[in-house]
Amino acid sequence: MAVSRSTRKNDLSMSSLAPNNAPLPWADGPYSIKRHGLTLTNCASEPVQTPGCIQAHGALLVLRLANLTILQASENTMQYLGEKPDNLLGQSISKVVGASGVVRLREMLQPGHPESSTMYAFTLPAHSGIAALDVCVHTTDGVVVAEFEPTGRTGEPQDKDIFSLVKAAISRLQTAGSLRDFCQNVAREVRSMTGLDRVMVYRFHADQHGEVFAENKRDDLPAWLGLHYPESDIPQPTRDIFKRIWIRPLPNAAGHLVEIVPLANPDTGRPLNMTHCALRGASIMYTEYLANMGVAASLTMPIVVDGELWGLIACHHHQPTHFSYQVRSACELLAQVASLQLKSAEQNEQLSYRLQLDEVHQQLVRKAALEGDLMALSDSQPSLLDAMDAEGAALYHLDRWWCAGQTPTELQLDALAAWLDQRPEFDSNTRPVFVTDALTGLYPAGADIAGVASGVLAVRVSRLRKDLILWFRPETIQTVRWAGNPDDKPLVPGPHGQRLSPRGSFELFVQSVKQRSLPWSPMEVESALRLQQLIMEIVVTRAERLAQVNSDLTRSNEELDAFAYVASHDLKEPLRGIHRYAHLLLESSLAQDTENRKRVESLMHLTERMDSLLDSLLHFSRVGRTNLEFQPVDFNEVVAEALEMIGVRRADNSCTIDLPRPLPTVLCDRVRVREIFSNLLSNAIKYTLQMCPRIEIGYLAPQEQTGALSAKAGTEKRTIFYVRDDGIGIAPQHFDQVFRMFKRLHGRDEYGGGVGAGLTIVEKLVQRHGGRVWVDSNEGVGSTFFFTLPHCEESKP
Amino acid sequence: MIHARPILVVEDSDEDYQSILDAAKHCAVLNGIARATSGDDCLRQLRALADTSQALPAMVLLDLNTPQSDGREALIQIKQDARLRAIPLVVLSGSANPRDLNFCYANGVNAYHVKPVNHALHLLVLQKVFNYWINSVVSPFEPIYLA
């Protein structure tokens, strides 16, 4: 808004400086809107306090305070007071109100009376064809302003008791829960008191643009609830006046303007300050706007909270009407009460919003603490989006984005996060928060995302891991809804065209909020920071717990090492002793007996078996603990090495090793992968009845995987490697068992024996690479062992 | 006949010690064989020899896992002691763990052998050790001080 506002200001000063432009009509001497007029370009500096004119439905006299001599008179005094202005100027007011009126006025105007406060003085009775007039007076700048308006009363006792009406209305105001309900009540009460066609509560936003926040209207009129208007629709001078008066009646917008004679006070040479005049002439811009809307009369009361103009109670009527002094007083009172109560309604609403935000945030944090990560913030109920008044939220955590609602794409988020990371706001350790309602002003690349993210509220959770929480507000225009179609209203634009119409206003408003969102309230920013604090606390707690778990793991690793050592040395030492004595027995005379000899040989055999079991156990425990060393490894070489290790050469006639196509080069731990292949290959050679077994080694790229195979490989597609044999095969019920430690499906000495640790070690090695290993087999036909190595990447050729 | 310098065997297991004696006999080793049953015992004996300027052992056969201060500690102490570090030091261990292997070579061991459970193989390993370190290698007679 700042940008467009200053642009407009510049336009204004340009036009007043431009040589071909007329000087402002009020630049020299007293001004009369009736005489000098107004244009769209200069209305922001219009002297609305001194328009020099009044509305035509009453008459006005300006009296010197000291002696109540008439100094100025409206040019229509003949109609209401029976005398032309010339016959009144310089005369005592007694000529109009009589001796008793003067006495009453002197009573009211004694020293100490409130300045600028309009007081009802008395009613002049009807006489000689002139209607009865209510007389109200107030003082300003050493003069008394006396306003004469027809009472509008018929004389019959049908007039309502205004006091009890106001009292009832005020008591009904208090039943509202939310701020909007409260404002709806205000609109309803004002309308029921005035009987006007439409009553709106108009609210100014932080950027000064207005919105129809509550509305009560005749059923057949289109709803304007939710319409937004640019700041310029209610220019600053008008806003200033509304901070000082409580009511602004305009009973006949199309009525004539009546000039004050003379325009300047003869004592001071200054124009009359008409701020507090009920009859003050209306701005041409305003009446044209009303006329364009088909509105004939308006009544406006300001809502002032803490000295600031919060909004307006704006009433429209489609026929010229009459606002009696009593009704005006009642409305004034209602507006004052509404102003006072609105403050507490607003505070309540803020408080309950704040409580709701904090409650939801605490729930989120509790959940996050329970689940051990921050994903709960975005993907569960409630989410980050539930509390904050925003359309989108994004969380950067564990090196990825978690989004809720309407957010930019991940690529756009990446760019935005990189930019935010450089912001000075994020250097703060205590308040790492960035907030804007016009992102593109600071971040031109944000133009692409202005639609969803003109407003950004961001808190940094962890600089190290670049964890971030972002909330997004769309461009204001995306959140604004027209209530009803503005094109439905027949429009007969005035001399200033479409601009002075709700439609024109809306278009200007759209321009003024381009790439801007509704602003973030300080309370929302504080709440975001509190959430950040809470998250920091769980992050710190988690870090401490992780450190504990880490040290526990280190300790248990050390214990495993100690155990492994015990197994390798302390268990083997007695084993060696047993074997030694058995050996000695075999050489002794005892072994000359065949039975004894066999027994001793069995003893030695068992000892050796125990030895190899211990070796496997040790090896397995090492596989799980040693770190992997990743390097580019040509699988063709690794397979060749593995074959050499198990004593097979591809050229041998004893078996056929078939590679349908060359294997890829992969980033992995060469030694471990070689062990995977050597175990699988030695099994393939062992468990067969073929004279010349045929073994196929190959792989399937992700796009080549189909059906069950693709499902086995997991969600993230990886290359699947396989070793296929034409051996004895495995029954399906044993598919899982083959991977179990020391599990053998066959007799101890069948198929070359073995302790049954090979596949367990293969599984462990594959798991160390983040992968899976599985088998598919047909008994008597052959087996295929498949495995993936997700932690490895195929290196680019 | 010149009395060959003795061989110091650090071994707490009587069976393993007996196997060593068997292997030495088989290889016709003439050196006397002294025994220490712990790393501490080994250091005590070696330092007593050095302190009284007696001839040092022709070699030390060290079992890595002995009670009290274990073989590892004895290894470190021997190789850090200027008077003792020239003695050929051969480790005999039940462990084939690469960690043990790396530790010993990092601390200056002259050779590392794994003791097999199979007695025949065990004897074979010991015979190789004696044939090499006693019957083939020429060992220094005096302590070697680094310049």
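Helices and strands are DSSP runs, helices (H or I) of at least four residues and strands (E) of at least two, numbered from the N terminus. On that basis, the following points are offered on this structure, which is a predicted model.

1. Backbone at A:Leu68. In chain A, the loop between β2 and β3 (70–74) contains A:Leu68. A:Leu68 has a positive phi of about 55° although it is not a glycine. The residue is buried, because its relative accessible area is 2%, and the cut-off for buried is under 20%.

2. Backbone at A:Asp306. A second non-glycine residue with positive phi is A:Asp306, where the angle is near 55°. A:Asp306 belongs to the loop that connects β12 (297–305) with β13 (308–317) in chain A. With a relative accessibility of 58%, A:Asp306 counts as exposed, the threshold for that class being over 50%.

3. The loop between β11 and α9. This loop of chain A includes A:Pro262. The peptide bond joining A:Val261 and A:Pro262 is cis, with omega about -15°. The loop between β11 (257–261) and α9 (284–292) also holds A:Asp267, which is taken up in point 5.

4. Helix α9 and its end. Which residues of α9(A) are buried? They are A:Met285, A:Thr287, A:Glu288, A:Tyr289, A:Leu290 and A:Asn292. Just after α9(A) comes A:Gly294, with a positive phi of about 80°.

5. Salt bridge between distant parts of chain A. Over all chains, a search of the whole structure finds 39 salt bridges. One of these pairs A:Asp267 with A:Arg64, the closest N and O atoms being 2.6 Å apart. The pair joins the loop before α9 to strand β2 (residues 59–64), which holds A:Arg64, and the two residues are 203 residues apart. A:Asp267 is partly exposed, at 43% relative accessibility, and A:Arg64 is also partly exposed, at 25%.

6. Two further pairs in chain A. A:Asp220 and A:Arg218 form a salt bridge through their side chains, at 2.8 Å from N to O. A:Asp220 is exposed, with 54% relative accessible area, whereas A:Arg218 is partly exposed, with 29%. Another salt bridge pairs A:Arg597 with A:Glu601, with 3.7 Å between the closest N and O atoms. Both residues lie in helix α20 (residues 594–625) of chain A, four residues apart, about one turn of the helix. A:Arg597 is partly exposed at 35% relative accessible area, and A:Glu601 is partly exposed at 37%.

7. A network with residues of both chains. A:Arg576, B:Glu11, B:Asp16, B:Asp63 and B:Lys115 are linked by salt bridges into a network.

8. Chain B. The chain has five helices and five strands. Along the sequence, chain B follows the pattern β-α-β-α-β-α-β-α-β-α. Of its 147 residues, 51% count as buried.

9. Nonpolar surface patch. A:Leu560, A:Phe563, A:Leu617 and A:Phe742 make up a nonpolar patch on the surface, with about 330 Å² of accessible area together. Of these, A:Leu560 is placed in helix α18 (residues 522–570) of chain A and is partly exposed, at 38% relative accessibility.

10. Cavities. How many cavities of 30 Å³ or more does the structure hold? There are two, and the largest cavity has a volume of about 50 Å³. Residues lining the largest cavity include A:Asp134, A:Cys136, A:Glu149, A:His322, A:Tyr325 and A:Arg328. At least two lining residues come from each of β5 (133–140), β6 (143–150) and α10 (325–371) of chain A. By class, the lining of the largest cavity has four nonpolar, three polar and three charged residues.

11. A:Phe785 and A:Ala684. A:Phe785 sits in strand β25 (residues 782–788) of chain A. A:Phe785 is buried, with a relative accessible area of 7%. Its C-alpha is 9.6 Å from that of A:Ala684, and the two residues are 101 residues apart in sequence.

Technical notes:
Residues numbered from 1 in each chain as written. Chains lettered and ligands numbered in written order. Predicted model: local features only at pLDDT ≥ 70, side-chain atom pairs only at ≥ 80, totals over all residues. Heavy atoms only, no water. Salt bridge = Lys/Arg side-chain N within 4 Å of Asp/Glu carboxyl O. Buried < 20%, exposed > 50% of the residue type's maximum accessible area, 1.4 Å probe, protein only. Patch = residues over 30% accessible without salt bridge, like charges linked within 9 Å, V, L, I, M, F, W, Y side chains within 5 Å. Areas by Shrake-Rupley, 256 points an atom, 1.4 Å probe, with all protein chains shown as cover. 1 Å grid on protein atoms, 1.4 Å probe; cavity = no way out; pocket = protein on both sides within 12 Å on 5 of 7 lines; lining within 4 Å. Points joined across faces, edges and corners; volume = space filled by probe spheres on them. Nonpolar A, V, L, I, M, F, W, Y, C, P; charged D, E, K, R; others polar.
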